[in-house]
Amino acid sequence: MATSLISVIEELQSRISDLSERVESLREENRELREDVQVLRREVSDLTTERDRAKLDAEFLAVSHRLADNPDTIIETRRIISGLIRNIDRCIEMLKE
């Protein structure tokens, strides 16, 4: 009877050790996945910003092509519109202050 009790205890210790290793492994995996999620969230944020800029550029180009007949006029129109946008951005910043 004593032998079987000792073997049961040894078996439990072995299982506890295995489970402890598994828990530690899962904790490490969880930490790595959380880091990956943070990196991916930053990427999504950056890509969203980039997409929004690209949409704005596409709209800007569409408007500039509608406003001008030749490439020189388009370039000048783009410069004027860019200046206006910068002025608007500065005004918004001043209003925020």
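A salt bridge, as the term is used on this tour, is a side-chain nitrogen of Lys or Arg within 4 Å of a carboxyl oxygen of Asp or Glu. The model on your screen is a predicted one, and a good place to begin is a pair that fits this description: select Arg15 and Glu11, whose side chains form a salt bridge with the closest N and O atoms 3.1 Å apart. Because Arg15 and Glu11 are four residues apart in helix H1, about one helical turn separates them. Glu11 has a relative accessible area of 39%, so it counts as partly exposed.

**The whole chain**

Now zoom out until the whole protein chain is in view, and you should find two helices and zero strands. Along its principal axes, the C-alpha trace spans about 100 × 35 × 15 Å. The radius of gyration of the protein chain is 32 Å, whereas a compact globule of 97 residues would have one near 13 Å. If you colour the 97 residues by burial, 7% of them count as buried, and the chain exposes about 8,900 Å², of which carbon and sulfur atoms supply 57%.

**Along helix H1**

Select residues 2-67, which make up helix H1, and look within this helix for Val8. With a relative accessibility of 44%, Val8 counts as partly exposed, because it falls between the limits of 20% and 50%. Add Leu12 and Ile16 to the selection, and together with Val8 you have a nonpolar patch on the surface, with about 270 Å² of accessible area.

Next, move along helix H1 to Phe60, whose relative accessible area of 13% makes it a buried residue. What is Phe60 in contact with, leaving aside its neighbours within four places in sequence? Show the side chains of Arg78, Ile81, Ser82 and Ile85, since these are the residues that Phe60 contacts. Although Phe60 and Arg78 are 18 residues apart along the chain, their C-alpha atoms are separated by 7.9 Å.

**Along helix H2**

Select residues 71-96 to bring up helix H2, where the 26 residues, at 1.5 Å a residue, should span 38 Å; the end C-alpha atoms are 37 Å apart, which agrees with that expectation. Within H2, pick out Ile74, Thr77, Ile81 and Gly83, which are buried. Ile74, for its part, has a relative accessibility of 13% and so counts as buried. If you draw a distance from the C-alpha atom of Ile74 to that of Arg86, 12 residues apart along the chain, the separation is 18 Å.

**Charged pairs**

The structure holds six salt bridges, and two of them can be visited without leaving helix H2. Select Arg79 and Glu76, whose side chains meet in a salt bridge of 3.9 Å from N to O; both lie in H2, three residues apart, or about one turn of the helix. Arg79 is exposed, with a relative accessible area of 56%, while Glu76, at 40% relative accessibility, counts as partly exposed.

Then select Glu93 and Lys96, which form a salt bridge with the closest N and O atoms 3.7 Å apart. This pair too lies in H2, with Glu93 and Lys96 three residues apart, about one turn of the helix. Here Glu93 is partly exposed, with a relative accessible area of 44%, and Lys96, at 63% relative accessibility, counts as exposed. For a last stop, select Glu28, Arg31 and Glu35, which are joined into one network by salt bridges that share partners.

Methods:
Residues numbered from 1 in each chain as written. Predicted model: local features only at pLDDT ≥ 70, side-chain atom pairs only at ≥ 80, totals over all residues. Heavy atoms only, no water. Expected span 1.5 Å × (residues − 1). Buried < 20%, exposed > 50% of the residue type's maximum accessible area, 1.4 Å probe, protein only. Patch = residues over 30% accessible without salt bridge, like charges linked within 9 Å, V, L, I, M, F, W, Y side chains within 5 Å. Areas by Shrake-Rupley, 256 points an atom, 1.4 Å probe, with all protein chains shown as cover. Rg over C-alpha atoms; globule rule 2.2 N^0.38 Å. Contact = heavy atoms within 4.5 Å.
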